[in-house]
Structures are given as C-alpha cells and as structure tokens.
Amino acid sequence: MPAVGPSAPLEEAMREPVERRLIAILAADVVAYSRLMGADEEGTLERLKGARRQLFDPKIKEHRGRIVKTTGDGILAEFPSVVDAVRCAVELQRGMVDRNAQTPEDERIIFRIAINLGDIIGDGDDIYGDGVNIAARLEALAQPGGICISRVVRDQIRDKLPYPFEDLGEQNVKNIARPVRAYGMSAIAVASTPPFATKMPPHPALRAIRRQRAFMLVAIIAAICVGATGWWLWPNADPIAASVQTFPATTPRDLPSVASNGAKPAPRFSIVVLPFANLSNDSAQEYFADAITEDLTTDLSRISGSFVIAATTAFTYKGKGLGAKQIGRELGVYYILEGSVQRRSDHAEVNVQLIDTESGAHLWADRFESDLANLANAQNEITGRLARTLKVELAEAVGRRVEREGSVNSDAQDFLMRGWASYYRPASIASRQEALRAFERALEADSQSVAARIGIGTVLVDDLVLRFTNDRERDTARADEMLRDALEREMNDSMAHFAMGMLRRIQNRLNDSQIELEAAIALDRNNARAFQQFGITLMCLGEPELAIPQIERAIRLNPHDPNIASYYWALGSAELVSGRVDDAVNVLSKGRAANPRLYFIDLWLAGSLALKGDLDAARSAVAESMKLRPEINSVASWRAENLFYTNPRFTALAEKTLYAGLRRAGFLDE
C-alpha cells in the first residue's frame with residue numbers, strides 16, 4: 001500500500017533548514033501613484049521605468065545591493081551593509097531631485113524610502129520576516145522625497161555617515177508588537193547634499209539656456225572659485241600663476257571662526273559680495289552697479305557647498321568704509337569680493353578683487369571689459385583669458401541667465417535691474433508699485449522674458465501677502481498665470497519656485513507650497529527668503545519645531561535685510577505656537593521695532609504678551625493692530641483672510657497659544 005502522509009518532495013522540503021540572514025532592507029514607494037496614473041497612465045509608466053532603469057538599478061548595484069522585487073509603485077531591495085543602504089537611499093533621492101527639476105510639478109515621480117536592519121527568512125529570491133515588515137511600515141513615515149530609518153540603522157551609521165537624521169520618537173506600526181523608534185531625513189536635507197557623479201545629461205532645452213549665459217558673471221565666478229580654491233588647498237597646493245599674488249598657506253585654525261553671534265563655523269566657501277562702486281559719471285547708473293552685485297550674489301549661491309551672504313545685507317555696508325577683517329567677523333565669512341563698474345553707452349568695465357578676511361590679503365584681482373551688445377561672444381574670450389592666467393582648468397560656473405533671442409535686449413535688462421532694485425527696498429506700496437512698473441516695462445520690451453514674468457509674479461504675490469493689493473482675485477489669477485508660464489519655460493529658477501510657494505500657501509494649498517519652497521531651496525541654498533517662507537508653511541502645517549531652524553537659517557543668511565521685520569515675525573510666530581512665549585515676545589518685539597507698519601506683527605505680539613501676563617501691553621498691541629487694519633477685528637475675520645491658518649494641526653496649536661492670548665487681550669472670537 002502507498003504510504004499515507006506528505007509526498008516525498010514535500011517531505012524533503014520540510015526537512016530543509018530555513019535560511020536566515022541579517023541584512024539591511026530598503027523599501028521605496030511612489031507618492032500619489034494612483035493620482036499620477038489617473039492623470040497620465042502612459043507618461044507615468046514611462047517616467048517610472050526611466051527612473052528605475054537609469055537611476056535605481058545602477059545605484060543599487062553600485063552599492064552592492066540586490067532588488068528583491070518590484071510592484072507597480074514600489075521597490076524592495078536588500079544590502080549586506082547598512083552604510084551602503086543608507087548612502088544608496090540618499091543618492092537615489094538626490095538623483096530624483098535632479099530628474100524632477102525638468103518635469104512639471106504635477107507629473108513628478110517622488111519616492112518615500114525607508115531602511116531597516118533585521119533578521120529575515122530567505123525563500124528563493126524573496127525575503128520575509130518582521131525586518132521586512134518594519135521597513136515597509138517606516139516607509140509610510142518618510143516625507144515625500146525623504147528617508148526614514150529605524151533606531152538600529154541609526155546606531156550603525158551614527159559615526160560613519162554625515163547625514164542629518166532627526167529623531168521622530170517611538171512609532172506604533174501596524175502588525176508589529178513593539179513601538180519602533182524612527183529617524184527621518186527630510187526632503188530638503190536630501191536636496192542639500194551634493195549631486196553624485198553619475199548625473200543624467202541635461203535636457204536639450206537646458207543646454208540651450210546654458211549657452212546663453214552672460215560672459216561677465218561667469219568669468220568672475222570662475223575666477224573666484226579658482227582663486228579661493230587655490231587659497232584653501234593647503235598645504236600642498238600648486239602656486240597660482242605669477243600674475244596673481246600668493247600668500248603663505250592658511251590652516252583652518254587661522255581662519256575666522258564665524259560671526260560674532262557664536263554660530264557654528266561657516267563653510268570654507270563663505271563669501272559676501274560687497275556693493276560694487278559706480279565709477280560712471282552718471283549717478284542714475286547706480287542701479288547697474290547694484291545689479292552686478294545682486295547677480296553675482298545669486299550666481300555664487302548656486303555653487304555647491306557655498307555660503308553666500310544675501311545682497312540686501314551686503315548693501316548695508318555700502319559706503320561705510322569698514323575693513324575686511326571687521327566685515328569678516330561681523331558676517332562670519334572667509335572671503336569678500338569687492339569691485340567697481342564703469343558703464344558707458346555700449347561698453348562696461350568691471351574691476352574685481354577677492355580678499356581674505358583673516359589676513360586682509362588680496363588673493364586675486366582682474367579686470368573685465370565688454371561690448372554690452374555682444375555678451376555671448378565675449379564670454380569665451382574672457383573665460384579663456386582667465387584660464388590661461390590662472391593655469392587651471394575652469395569648471396563650468398553657473399552665470400546669470402540673460403533673457404535674449406540672439407543678442408541681449410538691453411532695454412529689457414535695464415528694466416529688470418531697476419525692478420529688482422525697487423523690490424529689495426523696504427516693503428511699501430510705493431516701492432512695490434515701482435518694481436511692478438519696471439517689470440511690466442521689461443516684458444513690453446521683451447515679450448519672451450522669463451525673468452520679467454518672475455518679477456511680475458513675485459511682486460503680485462508679495463502684495464497679496466502684505467495686503468498692498470486692491471483686487472485680490474485679479475492679482476492672484478495674474479500671479480498664478482505669470483509664474484506658471486515662467487516655470488513652463490524655465491523649471492530651474494529658485495525665485496520662480498519661491499514666489500509660487502508663497503502663492504500656493506495664500507491659496508491654502510499647503511502641501512504644494514511646501515514642494516515649491518523645497519524646490520526653491522534645492523536650486524539656491526542661499527535663498528534666505530525661501531527658507532523664511534518654507535518655515536512659515538511648515539508652521540501652517542502644524543510643524544513649528546521644524547519651522548524654527550529654517551527661519552533661523554534665513555536670518556543667518558540675511559541678517560540685515562531691509563525687510564528683516566518679516567523674518568522676526570515668522571520666527572516669533574513659530575516660537576509662540578511651539579509654546580516658547582518668552583522667546584516669542586523677544587523676537588516679535590524686534591520685528592515691530594524693525595517695521596511698525598505691519599499689523600500682523602502687533603497681533604501675534606499681543607497674543608504673546610497676554611500669555612506672559614502683560615495684559616496692558618497686550619491690549620495696546622491689539623489696539624495698534626486694529627488701527628493699522630480696522631477690518632481685522634476678530635479671530636474669525638483674521639482666519640477668513642488667511643485661509644492657510646485653518647489647517648487643523650495649526651489650529652490645535654494656535655488655540656492653546658495665540659488664540660488663548662488674544663482672548664485674554666480682549667480680541668473677539670467673532
């Protein structure tokens with residue numbers, strides 16, 4: 001008779017030992033996959049396959065990983081090393097930032113990634129066990145574009161990798177008996193990491209734009225990088241060419257530690273571009289020299305690893321005649337760039353010099369001349385001359401984009417310069433109207449100008465924020481139109497994303513606001529206003545603790561901004577809803593002193609003072625706020641005008657802080 005029981009093959013399989021091993025598990029998932037597929041199924045699949053083929057597959061292989069399996073919107077991979085897994089995850093997310101820069105925001109593939117270290121059961125090519133389940137659950141805790149890791153992973157990489165993971169606390173995850181302590185790296189932290197070597201080639205349209213860079217700024221930036229690099233490549237750096245003065249090598253301990261506020265040391269490439277002197281006989285050309293200063297500041301900011309003081313702070317040193325050492329101590333920078341501009345009708349001469357703030361030594365100096373009507377041809381000549389002079393190969397340096405078709409439209413450029421000069425003045429209806437008129441004239445002179453569209457959109461959004469507009473619906477619609485058009489033409493402009501981020505918050509589209517402002521910061525790590533606005537959006541999302549360091553960085557980058565009052569207001573607001581009442585009173589008081597014409601600073605200060613127990617001062621602040629904006633006479637009217645304050649998470653925090661204080665100060669609910 002045949003034996004009763006398991007078949008022979010099954011019995012043999014049951015006797016085989018279970019394969020267990022300790023590995024790092026990476027789980028990745030596409031954010032809003034169903035929405036993307038519903039909007040454009042074929043396009044989404046094409047982009048997802050491209051990301052897999054050109055980024056995920058080679059990167060995972062490069063870091064000794066193995067893809068276990070893929071689903072429609074997810075990837076599961078294993079690594080023999082935790083360090084390799086985390087490094088791979090960061091490079092994957094950083095790579096997606098680069099890929100998405102050329103994709104419309106509503107079509108972007110954005111991943112959440114999680115990593116866990118655990119004991120797993122291997123079954124052929126597949127893996128099972130709690131280690132896998134925890135990775136899958138942690139993935140849901142990661143920010144879009146960010147990374148979440150377990151405590152055991154954090155312990156393994158703590159002293160091996162430099163990535164900033166924040167403690168997210170104990171998390172109860174589905175089907176896991178014990179809480180799991182999680183750590184998160186935000187999308188903005190990922191975007192701040194340097195691009196890895198195997199980047200995708202740029203889009204043809206982007207290459208065309210790059211060919212149109214203005215010669216003067218490219219040449220100056222390239223030379224600054226070369227001069228500064230030669231100065232800090234101690235102690236075995238090759239001497240710079242004989243035409244450039246050299247000095248003894250400087251060790252890190254000899255360099256300025258930072259600003260007098262005691263903050264942590266600035267990066268090696270920390271610089272301020274002081275206002276260029278206008279040597280033209282015509283004082284009306286002052287704006288041209290100022291524009292050179294602003295554009296150099298912007299373009300230097302785009303260099304990876306740089307820390308560049310904002311132009312608005314740099315302008316506060318104009319005409320003061322302070323020494324390099326004092327400026328270096330006050331701003332916490334290693335280098336100063338100063339220069340002069342002499343402009344005639346069709347010709348410009350620029351003199352520049354790079355100064356070490358510790359020794360006061362002039363590290364490098366040069367002169368640039370150009371026919372303003374033929375910037376493109378002059379670019380190669382000037383950069384080539386600098387390359388021969390400094391005897392090094394110039395890396396590609398990002399220059400100021402000049403809006404032109406063939407040759408530069410000087411009239412449009414002049415109006416753009418005037419517009420930004422007005423925009424960066426202390427906020428007032430008059431200065432904003434002047435800026436808007438200049439940008440409108442620029443668009444009239446050059447109907448294809450992306451920069452003019454960005455300028456118009458930025459001013460309109462600022463007017464909406466500051467209540468300078470007479471027609472909110474009209475200005476909102478036009479700002480949206482201008483910024484959408486600009487971003488369709490040029491996705492890699494930080495100011496365009498900055499303005500769109502503010503607009504999306506005004507429209508109460510907080511998640512979209514966060515995405516836009518993260519993009520602005522990723523494109524320009526020294527865009528102080530983007531950091532400030534990002535902090536405000538995080539606060540409105542109910543994350544004031546995450547908002548505070550963003551706003552603090554904005555103030556550090558631009559401590560003398562003529563509109564510093566709004567920075568202090570943003571920081572004080574986040575401090576208040578975080579429950580730090582004393583800090584809020586201190587910072588909001590600074591904001592009111594910097595600009596006493598902004599009603600909302602008085603309103604937030606009133607709530608803070610009341611919570612502190614100073615009811616007389618709180619009532620006085622309420623009265624001043626209502627004097628400036630009589631129609632904002634209750635919490636209800638304030639929330640109706642600022643829909644982004646209706647987010648439930650923010651409301652829960654504000655009820656215990658801001659609103660409680662305002663009620664004590666006599667401010668009505670309805």
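User: Which residue just after helix 24 takes a positive phi?

Analyst: Gly-613, at about 105 degrees. Helices are DSSP runs (H or I, at least four residues), as are strands (E, at least two), numbered from the N terminus. The model is predicted, so local features need pLDDT of at least 70 and side-chain atom pairs 80 or more, while totals for chains, interfaces and linings use all residues. Residues are numbered from 1 along each chain as its sequence is written, and side-chain values use heavy atoms, without hydrogens and water.

User: What makes helix 24 largely enclosed by the rest of the structure?

Analyst: Buried means under 20% relative accessible area, exposed over 50%, and partly exposed in between (1.4 Å probe, protein chains only). Of the 14 residues of helix 24, 12 are buried, so the helix is largely enclosed. Among them are Phe-600, Trp-604 and Leu-609.

User: Why is the contact between Asp-480 and Arg-504 called a salt bridge?

Analyst: The term requires a side-chain nitrogen of Lys or Arg within 4 Å of a carboxyl oxygen of Asp or Glu. Here the closest N and O atoms are 3.0 Å apart, so the pair qualifies. Asp-480 lies in helix 17 and Arg-504 in helix 18 (residues 494-506), so the salt bridge ties together parts that are 24 residues apart in sequence.

User: Why is Asp-480 called buried, and what is the relative accessible area of Arg-504?

Analyst: Asp-480 has 13% relative accessibility and therefore counts as buried. Arg-504 has a relative accessible area of 1%, so Arg-504 is buried.
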